[in-house]
Amino acid sequence: MNLIKVKDYNEASKVAFDIMLPHLKANQVLGLATGSTPLGLYQLMVEDFKENNRDYSEIISFNLDEYVGLDPKHRESYYSFMNRNLFQYVNFKESHLPSGIGDLDNNCLEYEKLLNQHTIDIQILGIGSDGHIGFNEPGTSFDSLTHVIELTQQTRGDNSRFFKDLNEEVPTHAITMGIASIMKAKEILLIATGENKAEALKMMIEGEINEACPASILQKHDNVTIVYDEKAGKLLGGNMKEVNTNEFLEETKEGLCLVDFSATWCGPCKMMAPILEELSNEISDVKFLKVDVDENNELAAKYGVMSIPCVYLLKDGEVKGSFVGLQPKETVKNFIESHR
Ligand code: PGA
């Protein structure tokens with residue numbers, strides 16, 4: 001999983017738009033989502049369409065889901081949502097949503113059949129506070145195709161904000177692309193912002209792959225990017241790994257490694273630790289290692305840790321650079337980039 005941590009919703013939308021951009025061209029098939037999460041991204045797509053005259057006329061889109069029983073004209077149908085926020089502005093060649101009215105079994109079969117005639121190049125996803133993707137609620141089979149699902153109380157509670165002023169109940173069921181249908185996409189971009197997504201995000205990224213958290217299946221997809229903001233990421237641990245001398249030698253043999261030789265008695269080292277933890281969450285192609293050193297440690301002697309400096313960057317086992325003391329996060333980021 002490629003993890004990108006950003007400050008807030010606006011930054012998440014901008015980063016998501018940059019990831020979408022290479023796909024906004026002829027012959028691409030986009031998998032789209034509804035809800036509050038992708039709204040900022042859609043606004044940026046609309047602005048880009050207007051300002052840059054981007055042509056969507058050879059782009060096809062598929063949406064993940066639709067409420068059961070809502071007429072497409074209903075204000076809160078996902079059909080209306082997509083028209084209101086995207087389709088009325090840009091000229092997609094074709095836009096497909098599953099239909100939540102009429103013969104539902106047949107709608108599921110037809111939608112899956114249509115999906116099978118295409119390959120989604122990039123699938124946008126939000127995540128439910130209960131870990132759902134699309135409307136695949138906890139317990140949904142990882143093998144599921146487009147199907148009808150009963151919404152959990154948690155999801156209905158989360159979505160009640162859209163129905164309140166209509167004085168209506170959230171529908172009890174939805175039709176949704178299945179988990180297997182979603183996993184067929186070549187690339188997946190999941191956006192998660194806000195505190196109420198923190199638990200789901202942690203389960204998805206750090207939990208076991210388990211149908212109790214439908215989104216955890218994304219750990220198995222080979223091209224998935226998760227863009228999340230500080231609030232959604234607040235429960236994530238860092239990717240820093242504590243290693244002993246032997247593990248250090250093994251881990252640093254290949255690739256880029258940032259090694260923290262912090263001594264526990266050193267004040268600036270202690271303050272550097274949370275910054276490195278945070279960075280380890282943001283930079284996925286660098287191994288972040290921590291070696292707990294004492295005076296007798298041979299690595300401490302080799303790297304001069306008992307004097308200074310304390311943080312080393314190694315590439316394929318060779319030292320590329322080092323720094324000492326408390327450094328701002330951006331400085332460390334630039335340090336890594338300049339030694340790639
Ligand atoms: P939200 O919903 O974007 O409205 O938070 C996300 C989801 O349920 O997938």
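This report describes the overall layout of a predicted protein model, then two of its helices, its ligand shell and two unusual loop residues.

**Overall layout**

The protein has 340 residues, and 37% of them are buried. Its secondary structure consists of 11 helices and 15 strands. The C-alpha trace spans about 75 × 45 × 35 Å along the principal axes. Two domains are assigned: domain 1 covers residues 2–229 and domain 2 covers residues 241–338. The centres of these domains, taken over C-alpha atoms, are separated by 39 Å. Among the contacts in the protein with a separation of 6 or more, 77% are between residues 24 or more positions apart.

**Two helices and their packing**

Helix H3 runs from residue 78 to residue 87, and its buried residues are Tyr78, Tyr79, Phe81, Met82, Leu86 and Phe87. Seen down the axis of H3, these buried residues fall within an arc of 155°, so they line one face of the helix. They pack against helix H2 and against strands S2 (29–32), S3, S4 (65–67) and S5 (94–96).

Helix H7 spans residues 198–206, where Ala200, Leu201, Met203, Met204 and Ile205 are buried. The partners of these buried residues include strand S9 (187–192) and strand S10 (224–229).

**The ligand shell**

Which residues surround the ligand? They are Gly35, Ser36, Thr37, Gly126, Ile127 and Gly128. Sorted by class, this shell holds one nonpolar residue, five polar residues and no charged residues.

**Two loop residues with positive phi**

Most residues other than glycine have a negative phi. Asn53 departs from this pattern, with a positive phi of about 50° although it is not a glycine. Asn167, also a residue other than glycine, has a positive phi near 60°. Each asparagine sits in a loop between a helix and a strand, as the table shows.

| Residue | Phi | Loop between |
|---|---|---|
| Asn53 | about 50° | helix H2 (39–52) and strand S3 (60–63) |
| Asn167 | near 60° | helix H5 (153–163) and strand S8 (173–176) |

Are these two residues buried or exposed? A residue counts as exposed if 12 or fewer other C-beta atoms lie within 10 Å of its own. Asn53 has 7 C-beta neighbours inside 10 Å, so it counts as exposed. Asn167 has 6 such neighbours inside 10 Å and therefore counts as exposed.

Terms used
Residues are numbered from 1 along each chain as its sequence is written. This is a predicted model: local features need pLDDT of at least 70, side-chain atom pairs count only at pLDDT 80 or more; totals for chains, interfaces and linings use all residues. A residue is buried if 20 or more other C-beta atoms lie within 10 Å of its own, exposed if 12 or fewer, and partly exposed in between; C-beta atoms are placed from the backbone. Helices (H or I, at least four residues) and strands (E, at least two) are DSSP runs, numbered from the N terminus. Two residues are in contact if their C-beta atoms, placed from the backbone, lie within 7 Å. The arc is that of the directions from the helix axis to the C-beta atoms. A residue is near a molecule or strand if its C-beta atom, placed from the backbone, lies within 6 Å of it. Ala, Val, Leu, Ile, Met, Phe, Trp, Tyr, Cys and Pro count as nonpolar, Asp, Glu, Lys and Arg as charged, and the others, Gly among them, as polar. Domain bounds come from an automatic or database domain assignment.
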